[in-house]
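Keep the sequence and the 3D view side by side. We start at the ligand, then work outward through the domains, the sheets and a few local details.

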Amino acid sequence: AKTTPTAAKNLLTTYDYINPKPDAELVRKSIVYKLIFILGIDPKDATPADWLNAAMFAARDLSTENFLSTRQIHEKFKKRTVYYLSMEFLMGRAFTNSLINQDLYGAFEQAFKELGLNLADISEQEADPALGNGGLGRLAACFLDSLATLRVPAVGYGIRYQYGMFKQEIVDGKQIEKPDLWLDNGMAWQFARPAKRFPVSFGGTLDTSHYPPRWKPAEQINAVAYDEIVPAFGGQIANPLRLWTAHTGDLFNLASFNEGDYFSSMEAQMKNETIANVLYPNDATAVGRELRLKQEYFLVSASVQDIIARHLCRYDSIHTLPEDVAIHLNDTHPVLAIPELMRILIDDYYLPFDQAWAMCQKIFSYTNHTLMSEALEKWSVDMMAQLLPRHLDIIYKINHHFIENVVRPQGYDDDFIRRVSIIEEGEQRQVRMAWLAVIASHKVNGVAKIHSDLMVSSLFADFAALFPERFTNVTNGVTPRRWIAVANPKLARFLDKHLGGSGWLTDLNQLNQLNKLVDNKDIQNEFANVKHAAKVRLAEYIQREMNITINPNALFDVQIKRIHAYKRQSMNVLHIVHRYNQILNNPNADWQPRVFILAGKAASSYNEAKQTIRLINDIAYFINHDERVRDLIKVVFIPNYSVSLAELIIPAADLSEQISLAGKEASGTSNMKFALNGALTIGTLDGANVEILQHVGAENIFIFGNTVEQVQTLYRNGYNPYDFIDNDPELAQVVNQIAQGAFSPDEPHRYHKLMHNRDEFQRYADFRSYVNAQAQVDKLYRQPEKWYRAALVNMANMGYFSSDRSIEDYCREIWRIEPVSEQELPRLA
Ligand code: Z57
């Protein structure tokens, strides 16, 4: 039985601690108290990292009551809750964000001043938790921010990898991967929940002589929870991000344990503890490794068990689950949640298959993030039979039910049935996870309009014929809290001033009031100064970390994202080399100085991407040391791209490179962050670029390249890169230079293959149009009034791309969920 001593209850309901809001003195005392009594460190010995830890504990205290009372509100009003399942959460640093969200930045800044320390320097000590690869993980983080800020009852579920995304070093131009020891200095932001643990089973046999069949697993491991606080902006709400870690349990290799073989059961246990060890560093490519399948099942099994336990705390019946719970699948990675919920409903609660299936279809929804075939997860039937025999059995039953009760009655032929079957026949039979997700979910969404349209017309066309109403679009968004308030405080002050307060932070459409100011020269200048300050800051970083001098008055041309052939970093390089050639041909022309800034990681096993990184670095070295180009071109590859580097780089960008081959980038989200920070986009008609164009207008964006239709026509006619190379002497020159070693004289053939391949992503077809668009960029940049006007128009029309809007769409169209209302909030004492 739960008891609540009155004295403790008061603290939780009357906000004694946080109301009135602490001033600098209280904050300083709290920081010093944490340093001494939590960390056991004498202030005179404390390092900046110790001060950070102490300050994070102090800041955590101030959101903990919100965190606990949010939980109480949800319980009291039995709020329907969304559970966001994702293998990745790229949260970025928590400290500054939490201070800004709680309006405590000033108090902490002052407190540190009194301690003789600088808050900005202390904040730099925080490790950047990189429990994600790229866009998909960062989207999950923006969504948690918006869910909390909009007061939506929500829990994020993920894995607490011991090692996040690897650290990238560049040695002799090449990527070197180092482990990311993000937990080394402690993690003040998370609460360990040693009592919240669930067993997760693997392997063994399925005894089908009973109904329901009995799964006798071979191994079990405990999943143990850590809760991270996700604070709302300005509010009294904070939601949990629950991360699972694998833990030595009292349950382990069951067979050998029962045989008294203590040592081999310990061995198996050690093997299992590697489950939550490391994040797979692949972005938008599937890995068929067994450990990855184990990770995915580990996440969903623990989460589904927890969701059911939470439900049964509020309701006495499992049957009300679909009214209480929405489970969202972030890509196919957590799709095993579907057979896991089926298994529990059937095997543990004895529900008939049909009833369990009807519940699942009400509960699950799924977001597709890519159409590219190499990213679509398929697990071999053999591997699944080994690891999850009961789940495979349930998947077969789902498939049978789907084909016999849904497909066949509509008169479809065998060919159609073969195409929509969850099981792909062939040499190696495979489970198509995306098919399972579509069949089980009541809603399936793409992440930008063009992507959702293509999803319905290509990847899921057969399913769209079966259930047209199931498919929808929710265009991605980004949180203005992190991407303006945290990343670009000078821009935040500028907006506060011209929009009459900080309301834009939670109502981004207010930015459209800027539209009436875009012709005002003073305001253009004021914004130019904000941009310049960010460029100086980035230039200082590049000087300090890389010993490269760049001129803040040059145009900063930025492409920062995962290195992937479809994102065409190598086409960016083609333009850089072309420009270099032009300058050497015509040194006295009036060239616009440019700094090309690139950053991004390549998956460890992705050779072409690694070659691209090396090429960028070789070219950077060569051009930066060629006196003839003076500082008309500088090329900088910033190592170890991360959320915190994005916060530094994006505010400093003039030009945002969004140059993927049309049809390949599902949405993109950095495109939104750049435009929000007043960079102009050079981009293809791909992903959310299309909608950015619609919002900012064609005069304020540089669109180039083939459309999806043109790309498809080229493919259909047997695309030949030499049709383009051979008909464009300047392009041929660039390709030959790179391919023949102009930038790698010590190894002339280093880039031969990179230049002379199938050109799957049609770099050469789009080259000329790209170069022409770049000429337009120079021309506009030379007219600062026009450039900054366009930058302001971009910012003014970015309201739509707030993740608050995305989350409102999800709540209304997919999850049918209501936020905590004003009335449900406890009144402050
Ligand atoms: C990932 O970061 C994305 C898609 C994937 O299938 C995987 Br796996 C990882 C990205 C897309 O490439 C972006 O275009 C998109 O903006 C992002 O997900 C968020 O939707």
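A residue is near a molecule if its C-beta atom, placed from the backbone, lies within 6 Å of it. The model is predicted. With that cut-off in mind, turn to the ligand. It is surrounded by 19 residues. The closest are G135, L136, H369, T370 and S667. What classes make up the shell around the ligand? It has six nonpolar, 10 polar and three charged residues.

Now place that shell in the chain. The domain assignment gives three parts. Domain 1 covers 17–77 + 97–127, domain 2 covers 78–93 + 128–475, and domain 3 covers 487–801. Where does the ligand lie with respect to the domains? Domain 2 and domain 3 both give residues to the shell, so the ligand lies between them.

Next, look at how domain 1 meets domain 2. The C-alpha centres of domain 1 and domain 2 are 34 Å apart. Their contact takes 20 residues from domain 1 and 22 residues from domain 2. On the domain 1 side, two elements give two or more residues: α3 (48–76) and α4 (95–101). Of the elements there, α3 gives the most, with 12 residues. By class, this side of domain 1 has six nonpolar, 10 polar and four charged residues.

Another helix pair is worth a look. Helix α2 (residues 24–38) packs against helix α5 (residues 105–114) at an angle of about 65°. Their axes are 8 Å apart. The crossing of α2 and α5 is right-handed. From α2, the contact uses A24, V27, R28 and I31. From α5, it uses A107, F108, Q110, A111 and E114. These contact residues of α2 and α5 divide into six nonpolar, one polar and two charged.

Turn to the sheets. Strands of a sheet pair through backbone hydrogen bonds, either parallel or antiparallel. One open sheet has nine strands, in the order β5-β8-β9-β2-β1-β10-β11-β15-β16. Its pairing is mixed. The edge strands are β5 (190–202) and β16 (471–473), and each pairs on one side only. From one strand to the next, the twist averages 25°. Inside this order, β10 and β11 are neighbours. Strand β10 (residues 325–330) and strand β11 (residues 364–367) run parallel, joined by four bridges. To find the register, locate L329: it stands opposite Y366 in β11.

A second open sheet has six strands, in the order β19-β18-β17-β20-β21-β22. Here the pairing is parallel. Why is one side of β19 and of β22 left without a neighbour in the sheet? β19 (633–637) and β22 (702–703) stand at the edges, each with a single partner strand, so one side of each has no neighbour there. Strand β20 (residues 655–658) and strand β21 (residues 680–683) are linked by four bridges and run parallel. S656 has T681 of β21 as its bridge partner.

For an antiparallel pair, go to strand β3 (residues 167–171) and strand β4 (residues 174–178). These two strands pair over five bridges in the antiparallel sense. Within the pair, the bridge partner of E169 is I176 in β4. β3 and β4 form a hairpin, with two residues between them. In the turn, D172 has a positive phi of about 50°.

Two more backbone details sit in loops. Which residues does the cis peptide bond join? It joins Y211 and P212, with omega at about -5°. P212 is in the loop between β6 (205–207) and β7 (214–216). The other detail is at Y350, in the loop between α12 (337–348) and α13 (353–363). Phi of Y350 is near 55°, a positive value in a residue other than glycine.

How values were computed
Residues are numbered from 1 along each chain as its sequence is written. This is a predicted model: local features need pLDDT of at least 70, side-chain atom pairs count only at pLDDT 80 or more; totals for chains, interfaces and linings use all residues. Ala, Val, Leu, Ile, Met, Phe, Trp, Tyr, Cys and Pro count as nonpolar, Asp, Glu, Lys and Arg as charged, and the others, Gly among them, as polar. Domain bounds come from an automatic or database domain assignment. Two residues are in contact if their C-beta atoms, placed from the backbone, lie within 7 Å. Two strands pair if DSSP finds at least two bridges between them. Axes are lines fitted to C-alpha atoms, for helices over the stretch in contact, and angles run from 0 to 180 degrees between N-to-C directions. A crossing is left-handed if the near helix is turned anticlockwise from the far one by less than a right angle, and right-handed if clockwise.
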